[in-house]
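Open the model in your viewer and keep the sequence panel visible. The stops below are given as selections, each followed by what is found there.

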Amino acid sequence: MAKFQCIECGSEIDTLYRDYKGGSIKISRCKVCDKVADKYVEYDPVVILLDALLLQRQAYTHLLINTKSDSPWHLALLLWICDAFSKLVLQRSELSNKGLLGEHPINYSYLGLELYLNYIIAASELLTLLATVLVVFFIKRVLHHRHISINSKLITRAVIVANLGRVLAIPALLWGQSYGQLYSVLCQGYVCLSSVQALRVVSEGNHGTLWAVLAVTLGFTTQFVVSNFLHTWLDHK
Ligand SMILES: [Zn+2]
């Protein structure tokens, strides 16, 4: 894969901007579509983030391909904490709806254990999704007679960045717990869409959208199965 990509048409470009003496820079134009190759170079990070939240493909190309960054795993650690927390709030609200809570004073060491277990579940869910997506992309590569390469680092980053949408569930859980379950379903749907968008960007070769949809569908199905299995297994403990 090239160093940089035009965010409008996906063509390879050598540089996003040129630095001239005297501190002025000139943003590169794409030779294929003649548009500004990456307008986000000049944008405020908040605007880029908002466009990514609105699932703009251009913003994903900027974030995943044109931005150089460290390993995405520190984002994953943060994501798991948020996810574990929202899972815990949901479980608590379900228990209190059933009237099972409130009979005993809150046991904080038990609460800590619950958070810890939810953290493990959140981590297993993301790893399952990632493994399935990588397998699908590997099959894609075999079917295309290895004319394309799979960049597992880039795919990992795409999946983790797309899953950051889960963090959106937290304010909603804190505002009101009556729609918690509904909101977590909506949130899951949103994360599915953002995963498709992110994987389209990093998918090389033809039928990128098709493979992204396939990878996300299979990924979230396996994730659902593994998550259900873990929940049942832990409930029996
Ligand atoms: Zn272009």
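Select Cys9 first: in this predicted model, cysteine 9 is partly exposed, at 37% relative accessible area. Add cysteine 33, which is also partly exposed, at 25%. The two sit in separate loops, cysteine 9 between β1 (4–5) and β2 (12–13), cysteine 33 between β4 (25–27) and α1 (45–53), and they are 24 residues apart.

Now show the zinc ion together with its protein donors. These are the SG atoms of Cys6, Cys9, Cys30 and Cys33, at 2.2 to 2.3 Å from the metal. Along the sequence the donor residues follow the spacing C-x2-C-x20-C-x2-C. What is the arrangement of the four donor atoms around the zinc ion? It is tetrahedral, because the angles they subtend run from 107 to 115°, inside the 85 to 135 degrees required for that label.

Next, select glutamine 5, in strand β1. Is glutamine 5 buried or exposed? It counts as buried, because its relative accessibility is 12% and the cut-off is under 20%. To see what surrounds glutamine 5, display Gly10, Ser11, Ile13, Ala37, Thr61, Ile65 and Asn66, which it touches when residues up to four places away in sequence are set aside.

**Salt bridges**

How many salt bridges does the structure hold? There are three. Side chains of opposite charge can pair when their charged atoms come close.

- Select aspartate 34 and arginine 29. Their side chains meet in a salt bridge with an N to O distance of 3.9 Å, under the 4 Å limit used for such pairs. Aspartate 34 is exposed, at 52% relative accessibility, whereas arginine 29 is partly exposed, at 48%.
- Select lysine 87 and glutamate 125. The closest N and O atoms of this salt bridge are 3.0 Å apart. The pair links distant parts of the chain, with lysine 87 in helix α3 (residues 73–97) and glutamate 125 in helix α4 (residues 108–143), 38 residues apart. Lysine 87 is buried, with 15% relative accessible area, and glutamate 125 is buried at 7%.
- Select glutamate 114 and arginine 92. Here the closest N and O atoms of the salt bridge lie 2.6 Å apart. Glutamate 114 is in helix α4 and arginine 92 in helix α3, so the pair ties together parts that are 22 residues apart in sequence. Both residues are buried.

**Helix α4 and the annotated spans**

Stay on helix α4 and select phenylalanine 137, which is found there. Phenylalanine 137 is buried, with a relative accessible area of 3%. Apart from neighbours within four places in sequence, phenylalanine 137 is in contact with Ile150, Ile155, Leu199, Ser203 and Ala215. Then measure from phenylalanine 137 to asparagine 151: the two are 14 residues apart in sequence, and the C-alpha to C-alpha distance is 9.4 Å.

Colour residues 116–138, 158–176 and 209–230, where UniProt, in an unreviewed entry, places the feature "transmembrane region". Residues 116–138 are 100% helix and 0% strand, with end C-alpha atoms 33 Å apart. Residues 209–230 are likewise 100% helix and 0% strand, and their end C-alpha atoms lie 31 Å apart.

**Helix α5**

Select residues 152–163, which form helix α5. This helix has 12 residues and reaches 16 Å from first to last C-alpha, close to the 16 Å expected at 1.5 Å a residue. How many of the residues of α5 are buried? Nine of the 12 are, and the helix is mostly covered. The buried residues are Leu154, Ile155, Thr156, Arg157, Ala158, Val159, Ile160, Ala162 and Asn163. Show the surroundings of α5: what covers its buried residues includes α2 (57–66), α3, α4 and α7 (180–202).

**The whole chain**

Finally, zoom out and switch to a cartoon. The protein has eight helices and four strands, in the order β-β-β-β-α-α-α-α-α-α-α-α along the sequence. Its C-alpha trace spans about 70 × 45 × 25 Å along the principal axes. Of the 237 residues, 39% are buried. Among contacts between residues at least 6 apart in sequence, 68% join residues at least 24 apart.

How values were computed: Residues numbered from 1 in each chain as written. Predicted model: local features only at pLDDT ≥ 70, side-chain atom pairs only at ≥ 80, totals over all residues. Heavy atoms only, no water. Donors = N, O, S within 2.8 Å, 3.2 Å for Na, K, Ca; no water. Tetrahedral: all angles 85-135°; square planar, octahedral: opposite > 155°, others 65-115°. Buried < 20%, exposed > 50% of the residue type's maximum accessible area, 1.4 Å probe, protein only. Contact = heavy atoms within 4.5 Å. UniProt positions renumbered as here; feature names shortened; annotations may be inferred. Expected span 1.5 Å × (residues − 1).
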